[in-house]
Amino acid sequence: MALSTTRQQPPIPHPATAKWWSKDTVAIVTGANKGIGYALVKQFAKLGLTVVLTARDRSKGLDAMDSLKALGLDHNVSFCQLDISNRASISSFVSWFRSRFESFDILVNNAAVSFNAMGENSIDYADTVIKTNYYGSKQFTEAMLPHFRLSASVARVLNISSRLGTLDKLKNRKMKAILGDRERLSEDQIETVVSVFLQDVAEGRWKTAGWPEIWTDYSVSKIALNAYSQILARRYEGVVSVNCFCPGFTQTTMTDGKGNHSADDAAEMAAAIALLPPRCLTTGKFYTGSTARGMISKL
Ligand SMILES: NC(=O)c1ccc[n+]([C@@H]2O[C@H](COP(=O)([O-])OP(=O)(O)OC[C@H]3O[C@@H](n4cnc5c(N)ncnc54)[C@H](OP(=O)(O)O)[C@@H]3O)[C@@H](O)[C@H]2O)c1
């Protein structure tokens, strides 16, 4: 049940004041050639982690590496091409990763697409949106799970999600009941919800079937990602922490540069959540906001 227990939290510690990691702590960030992903790689690099910057477009990824170099932040950053919507690309990434690293500690699933400008709501690319934002992040997570350095206090997945993907945006009662039944929620059920949505799109029913009203396909993709995160958090409780984070309205390409704050601001908060000290590490939570006093709720 999304956001049913929202409450104000004590401030999330600034990572620099609660450092528990070393340069051997490895973080992977998807979709990191620009926007929040790139800003997060900068944060991690500044804080002294080893980072893997990934981008679906090799030349954009290398440009991002050049920018990091210009900032003097490239020493512990490696680049590998990764298109999360392409299984062959995920396999190549895993081979590359295994040839260079034994394991990793932090996975940030940041990559996502939206084909809508602000104020628009077209579903022309609904298949791609679902394939990237939900299935892509899920497939990549599954491919990387065996390579986590398993440690209850360290291993973390942070899924960059959105408030547009909270269950209150879904008015379709049947779909909402499926996703809201936390005890019985399964991957098959998420798949059912997503398939029904794509069928409603294909058959022209999507506007009247109770799907979210803003950026509908993107919202459904994030609803599915949140639900999957819930399942992962339950399955790996005590082994891997799994949380979601909505960065809020952020000035990036996705929002045509509009927003209440910069990608650097959003990444600062994302880094603080990804690097929560072991003593306050959470799992199955949904964080929102761009300040250290962000909101937190159950997924
Ligand atoms: N900006 C906001 O207001 C806002 C609000 C809530 C949530 N979010 C979330 O924050 C995250 C980052 O978004 P952003 O605002 O930084 O957007 P952005 O600037 O558009 O960046 C998105 C990144 O994802 C990459 N990407 C897209 N499809 C990919 C794929 N198949 N494989 C690998 N990488 C792929 C893009 O690569 P290309 O450069 O090649 O396209 C780009 O690097 C997303 O999960 C988004 O949903 C953003």
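Q: What makes a residue buried, exposed or partly exposed here?
A: A residue is buried if 20 or more other C-beta atoms lie within 10 Å of its own, exposed if 12 or fewer, and partly exposed in between. The model to which this count is applied is predicted.

Q: How many residues of strand β3 are buried?
A: In β3 (residues 50-55), six of six residues are buried, and the strand is described as mostly covered.

Q: What makes both faces of β3 count as covered?
A: Side chains in a regular strand alternate between the two faces of the sheet. In β3, one side carries Thr50, Val52 and Thr54, the other carries Val51, Leu53 and Ala55, and all of these are buried.

Q: How do you know that β2 and β3 pair?
A: Pairing requires at least two bridges between two strands. β2 (residues 26-29) and β3 are joined by four bridges and run parallel, so the criterion of at least two is met. Within this pair, isoleucine 28 has valine 52 of β3 as its bridge partner.

Q: Why is strand β6 called largely enclosed?
A: β6 (residues 156-160) has five of five residues buried, so the rest of the structure largely encloses it. On one side the buried residues are Arg156, Leu158 and Ile160, and on the other Val157 and Asn159.

Q: Which strand pairs with β6, and in which sense?
A: β5 (residues 106-109) pairs with β6 over four bridges in the parallel sense. In this pairing isoleucine 106 stands opposite arginine 156 of β6.

Q: What span is expected of helix α1, and what span does α1 reach?
A: The expected span is 1.5 Å times one less than the number of residues. For the twelve residues of α1 this comes to 16 Å, and α1 reaches 17 Å from its first C-alpha to its last, close to the expected value.

Q: Why is α1 called mostly covered?
A: Eleven of its twelve residues are buried. Among them are Gly35, Ile36, Tyr38, Leu40, Lys42 and Phe44. Just after α1, glycine 48 takes a positive phi of about 90°.

Q: Which residues come nearest to the ligand?
A: The shell around the ligand has 33 residues, and Gly31, Gly35, Ala111, Ala112 and Thr252 come nearest. Two elements, α1 (35-46) and α4 (126-144), give two or more residues to this shell. The largest share, three residues, comes from α1.

Q: How do the residues of that shell divide by polarity?
A: There are 13 nonpolar, 15 polar and five charged residues in the shell. Gly is counted as polar in this division.

Q: Which residues touch the most other members of the largest nonpolar core?
A: They are Leu40, Leu53 and Ala270, in a core of 76 residues. A second core, separate and of seven residues, includes Leu82, Ile84, Phe97 and Phe140.

Q: With which residues is alanine 270 in contact, beyond its neighbours within four places in sequence?
A: A contact requires C-beta atoms within 7 Å. Alanine 270 has such contacts with Ile36, Leu40, Leu158, Ile160, Phe245 and Pro247.

Q: Why is isoleucine 190 classed as it is, buried or exposed?
A: Isoleucine 190 has 22 C-beta neighbours inside 10 Å and therefore counts as buried, the cut-off being 20 or more. Isoleucine 190 belongs to helix α6 (residues 187-202). Apart from neighbours within four places in sequence, isoleucine 190 is in contact with Ala224, Ala227 and Tyr228.

Q: What is unusual for a residue type in the phi of tryptophan 215, and where does tryptophan 215 lie?
A: Its phi is positive, about 40°, although tryptophan 215 is not a glycine. The residue is in the loop between α6 and α7 (216-235). Tryptophan 215 is buried because 25 other C-beta atoms lie within 10 Å.

Q: Why is aspartate 256 classed as it is, buried or exposed?
A: Aspartate 256 has 11 C-beta neighbours inside 10 Å and so counts as exposed, the limit being 12 or fewer. Aspartate 256 sits in the loop between β8 (250-251) and β9 (261-262). Its phi is near 55°, a positive value in a residue other than glycine.

Q: What places aspartate 264 in its exposure class?
A: Aspartate 264 has 15 C-beta neighbours inside 10 Å and therefore counts as partly exposed, since that class lies between the limits of 12 and 20. Aspartate 264 is part of helix α8 (residues 263-274). Its C-alpha is 9.3 Å from that of threonine 250, and the two are 14 residues apart in sequence.

Key
Residues are numbered from 1 along each chain as its sequence is written. This is a predicted model: local features need pLDDT of at least 70, side-chain atom pairs count only at pLDDT 80 or more; totals for chains, interfaces and linings use all residues. A residue is near a molecule or strand if its C-beta atom, placed from the backbone, lies within 6 Å of it. A nonpolar core is a set of buried Ala, Val, Leu, Ile, Met, Phe, Trp, Tyr and Cys residues joined through C-beta atoms within 7 Å. Two residues are in contact if their C-beta atoms, placed from the backbone, lie within 7 Å.
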